[in-house]
Amino acid sequence: MNTCSCIGISTMKPCCRLLISCRNSSVFGSPIPKCNHNHLVANNLSKSQFKVDKFCRFHTFNNRILGYKRVNDSNRKAFNVSDSNWVQSRVFTHCSVDKSKCFSLVANVASDIRNHSTAVEKPQVNEKGFESIYIQGGLNVKPLVIERIEIIPDVGEVSKEEVNNRSVNVDDLKGLNGTNISIHEREVSVVEKEAWKLLRDAVVNYCGIPVGTVAANDPVEKQTLNYDQVFVRDFVPSALAFLLNGEGEIVRNFLLHTLQLQSWEKTVDCYSPGQGLMPASFKVKTMPLDGSDGAVEDVLDPDFGESAIGRVAPVDSGLWWIILLRAYGKLTGDYGLQERVDVQTGIRLILNLCLTDGFDMFPSLLVTDGSCMIDRRMGIHGHPLEIQALFYSALRCSREMLIVNDVTKNLVAAINNRLSALSFHIREYYWVDMKKLNEIYRYKTEEYSTDAVNKFNIYPDQIPSWLVDWIPEEGGYLIGNLEPGHMDFRFFTLGNLWSIVSSLGTHKQNEGILNLIEAKWDDLVAHMPLKICYPALEYEEWRIITGSDPKNTPWSYHNGGSWPTLLWQFTLACIKMKRPELARKAVVLAEKRLSVDQWPEYYDTRGGRFVGKQSRLFQTWTIAGFLTSKMLLENPEKASKLFWDEDYELLEICVCALSKSGRKKCSRGVAKSQVDI
């Protein structure tokens with residue numbers, strides 16, 4: 001049994017913690033399987049600090065423990081974890097006042113890593129002498145044994161540089177300055193060199209280690225708003241760029257730190273979202289250290305939507321986190337991270353939140369407007385394609401990474417059932433081509449029986465006039481949304497691209513989507529890839545649906561604007577479908593303009609000719625999306641690790657909804673036939 005867990009990192013900063021702004025916070029963690037002083041799991045107990053005097057002596061106090069907290073939460077019962085035995089460890093770093101030395105604490109925490117169990121065994125007390133550490137608020141918890149105190153040799157002066165007005169430990173960031181790391185043997189272009197420099201300048205450090213990248217890093221912009229925060233969805237292309245370049249530390253740190261933020265219960269008007277919600281973003285703040293003169297500490301302040309425009313919680317953050325966790329393992333080979341107890345628990349918390357039974361009859365995920373990349377009112381509430389594609393991907397990722405045991409077997413079965421039902425639902429009811437449009441055009445309405453063809457009571461008059469002449473003879477796409485009596489026929493790029501990547505659509509449907517993009521290149525790509533949606537809402541439709549949103553005017557921002565960050569997902573989809581020439585064509589377009597235009601967030605007008613009227617410059621996910629696209633095209637074998645092929649086992653799962661007679665009969669044959677659509 002591996003019982004070793006390291007605490008500490010060589011850093012000159014004082015103790016670190018997370019910023020807690022609620023009374024009933026529930027956090028969790030686990031010991032790190034391997035001892036590595038370069039990996040930090042920050043303590044998020046706001047009052048749990050080391051007491052260290054100027055001679056680096058630890059004050060002692062019996063029967064107190066380091067970072068353990070008993071969990072008594074009814075939400076945990078869904079995972080069959082005993083409330084009386086389920087404990088959580090939290091580790092943190094503290095540097096002594098004497099800056100020439102730093103302490104590393106090695107904790108002996110018992111956990112069943114061999115069997116990958118989520119249950120934590122009772123810690124075994126070391127009979128040898130050891131020092132207990134005084135921690136405030138450490139009552140009624142099981143003991144953590146401090147096995148030894150290890151003094152790290154004098155590290156001397158550490159070279160530092162200023163990045164985003166933060167002091168960056170350059171020695172700790174050798175993987176982030178391009179030295180002896182790049183896996184590319186070819187000579188990179190001037191634009192790529194500039195992009196790499198900008199990406200590294202956007203790195204955010206917490207307690208001396210990289211934990212993410214800011215959303216935008218415009219040196220001229222004085223009003224940063226929330227663009228100086230690390231957004232979960234925005235960091236994904238940055239993470240992939242680092243991973244493809246052989247730099248995994250920042251991604252690992254990001255995954256662990258956002259995991260620790262997961263369980264904070266931020267509220268809006270005294271109401272808390274469900275446990276398991278991942279924050280939309282977090283910010284590193286420097287705060288005065290309690291009870292000290294002039295000393296400061298780094299804190300992480302997460303935003304769960306309580307500070308966002310519209311106060312909408314992010315549905316997609318947890319889904320992106322799971323997708324990135326899988327990508328990290330695939331590209332680094334470090335599968336030990338996803339096998340950790342805290343990470344396994346984090347996955348299950350997200351799934352528990354998304355798979356909770358409610359009143360909805362659909363297998364798709366029901367969300368509010370503004371809960372994903374399109375984070376303003378755009379009429380996508382209900383069952384938007386983007387969320388369904390990410391949900392499907394996250395379910396497939398989770399099924400790969402979850403360790404199957406008595407605790408998780410029911411969850412895995414639920415995942416399989418949901419995957420089967422969701423894939424059928426999207427393939428059957430969201431797909432539109434000329435054949436399907438003709439079928440909708442002849443729909444009968446007000447059908448009540450289980451044999452109804454028009455199951456959602458869609459009125460043929462909903463077919464928009466622009467679509468009749470726009471859709472090509474060869475090709476099609478997945479519509480943006482489906483609800484009772486309503487089909488949103490807009491083309492949403494992210495949802496369609498991610499449906500290809502995850503094989504949510506059939507092979508023929510995936511080919512059809514790329515055929516459509518190629519046929520309608522001037523509408524969806526034009527001067528800058530890619531339109532976030534098509535067409536834009538205009539006139540009275542814009543006024544009613546967006547609420548007269550001045551930022552979402554027609555062909556701007558989320559209302560038909562062009563977003564360069566979508567380039568990497570388009571590239572991944574093209575590589576999967578063996579059509580990289582389409583991606584190269586788009587990358588060439590982007591490379592001509594992005595650097596000249598100072599890497600804007602989005603572009604305006606039908607053809608994407610103008611930099612967005614409120615677009616931030618030096619937008620990090622624009623930069624990272626470009627770099628990731630270039631590396632994916634040069635390393636298609638790595639790209640193959642990031643997408644999914646058709647899972648034929650899912651088609652063997654019996655889903656009652658596949659039968660025309662509803663719940664009376666189940667048919668696997670119908671499901672299999674979907675592959676040949």
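**Entry 1. Overall fold**

I began with the contacts. Of those in the protein with a separation of 6 or more, 73% join residues 24 or more positions apart. I am working from a predicted model. I then went through the secondary structure and found 19 helices and 19 strands. Burial came next: 60% of the 677 residues count as buried. The exposed surface of the protein comes to about 28400 Å². Carbon and sulfur atoms supply 51% of that area.

**Entry 2. Salt bridges**

I looked up the salt bridges and got 20. I picked out some pairs to follow.

Glu-192 and Lys-630 form one of them, at 3.8 Å from N to O. This pair links distant parts of the chain, 438 residues apart. Glu-192 sits in helix α1, residues 190–201, and Lys-630 in helix α17, residues 620–634. Are these two residues buried or exposed? Both Glu-192 and Lys-630 are buried. I also noted that the pair does not stand alone, since a network of salt bridges links Glu-192, Glu-591 and Lys-630.

Helix α1 holds another bridge, between Asp-201 and Lys-197. Their N to O distance is 3.0 Å. The two are 4 residues apart, about one turn of the helix. I checked exposure for each. Asp-201 is partly exposed, because its relative accessibility is 24% and the partly exposed class begins at 20%. Lys-197 has a relative accessible area of 54%, so it passes the 50% cut-off and counts as exposed.

The third pair I opened was Asp-316 with Arg-233, at 2.7 Å from N to O. Asp-316 lies in helix α4 (residues 316–332) and Arg-233 in helix α2 (residues 232–244), so the bridge ties together parts 83 residues apart in sequence. Asp-316 and Arg-233 are both buried.

**Entry 3. Cys-372**

I came to Cys-372 from the last pair. What does Cys-372 contact, leaving aside its neighbours within four places in sequence? I found Arg-233, Asp-316, Ile-380, Glu-386 and Ile-387. So Cys-372 is in contact with both partners of the Asp-316 and Arg-233 salt bridge. Cys-372 lies in the loop between α6 (341–354) and α7 (385–401). Its relative accessibility is 0%, which means that Cys-372 counts as buried. I also took a C-alpha to C-alpha distance: Cys-372 and Val-315 are 6.2 Å apart in space, with their positions 57 residues apart in sequence.

**Entry 4. Helix α15**

I went through α15, residues 567–576, one residue at a time. How many of its 10 residues are buried? The count is 10 of 10. Among them are Trp-568, Phe-570 and Leu-572. The list also takes in Gln-569, Thr-571 and Lys-576. Just after the helix, Lys-578 takes a positive phi of about 60°.

**Entry 5. Cavities**

I searched for enclosed space and found 10 cavities of 30 Å³ or more. The largest has a volume of about 90 Å³. I counted 13 residues in its lining. Leu-240, Ile-323, Ala-327, Trp-498 and Leu-642 lie nearest the centre. The elements that give two or more residues to this lining are α2, α4 and α15. Which element gives the most? It is α4, with 5 residues. By class, I noted 12 nonpolar residues, no polar ones and 1 charged residue in the lining.

**Entry 6. Backbone oddities**

I looked for cis peptide bonds. One joins Pro-529 and Leu-530, with omega about -5°. Leu-530 lies in the loop between α13 (521–524) and β17 (533–534). Another cis bond joins Tyr-534 and Pro-535, again with omega about -5°. Pro-535 is placed in the loop between β17 and α14 (539–546).

I then looked at positive phi values outside glycine. Cys-207 has a phi near 55°. This residue lies in the loop between β9 (203–206) and β10 (209–213). Cys-207 is buried, with a relative accessible area of 0%. Asn-457 also has a positive phi, about 55°. Asn-457 is in the loop between α9 (434–441) and α10 (465–470). I put Asn-457 down as partly exposed because its relative accessibility is 21%, over the 20% limit for buried.

Terms used:
Residues are numbered from 1 along each chain as its sequence is written. This is a predicted model: local features need pLDDT of at least 70, side-chain atom pairs count only at pLDDT 80 or more; totals for chains, interfaces and linings use all residues. Side-chain values use heavy atoms; hydrogens and water are left out. A salt bridge is a side-chain nitrogen of Lys or Arg within 4 Å of a carboxyl oxygen of Asp or Glu. Buried means under 20% relative accessible area, exposed over 50%, partly exposed in between (1.4 Å probe, protein chains only). Contact means heavy atoms within 4.5 Å. Accessible areas come from the Shrake-Rupley method with a 1.4 Å probe; for residues, only the protein chains shown count as cover. On a 1 Å grid over the protein atoms alone, a cavity is a set of points where a 1.4 Å probe fits but cannot get out, and a pocket is an open set with protein on both sides within 12 Å along at least five of seven lines; lining residues have an atom within 4 Å of a point. Grid points are joined across faces, edges and corners, and a volume is the space filled by probe spheres set on the points. Ala, Val, Leu, Ile, Met, Phe, Trp, Tyr, Cys and Pro count as nonpolar, Asp, Glu, Lys and Arg as charged, and the others, Gly among them, as polar.
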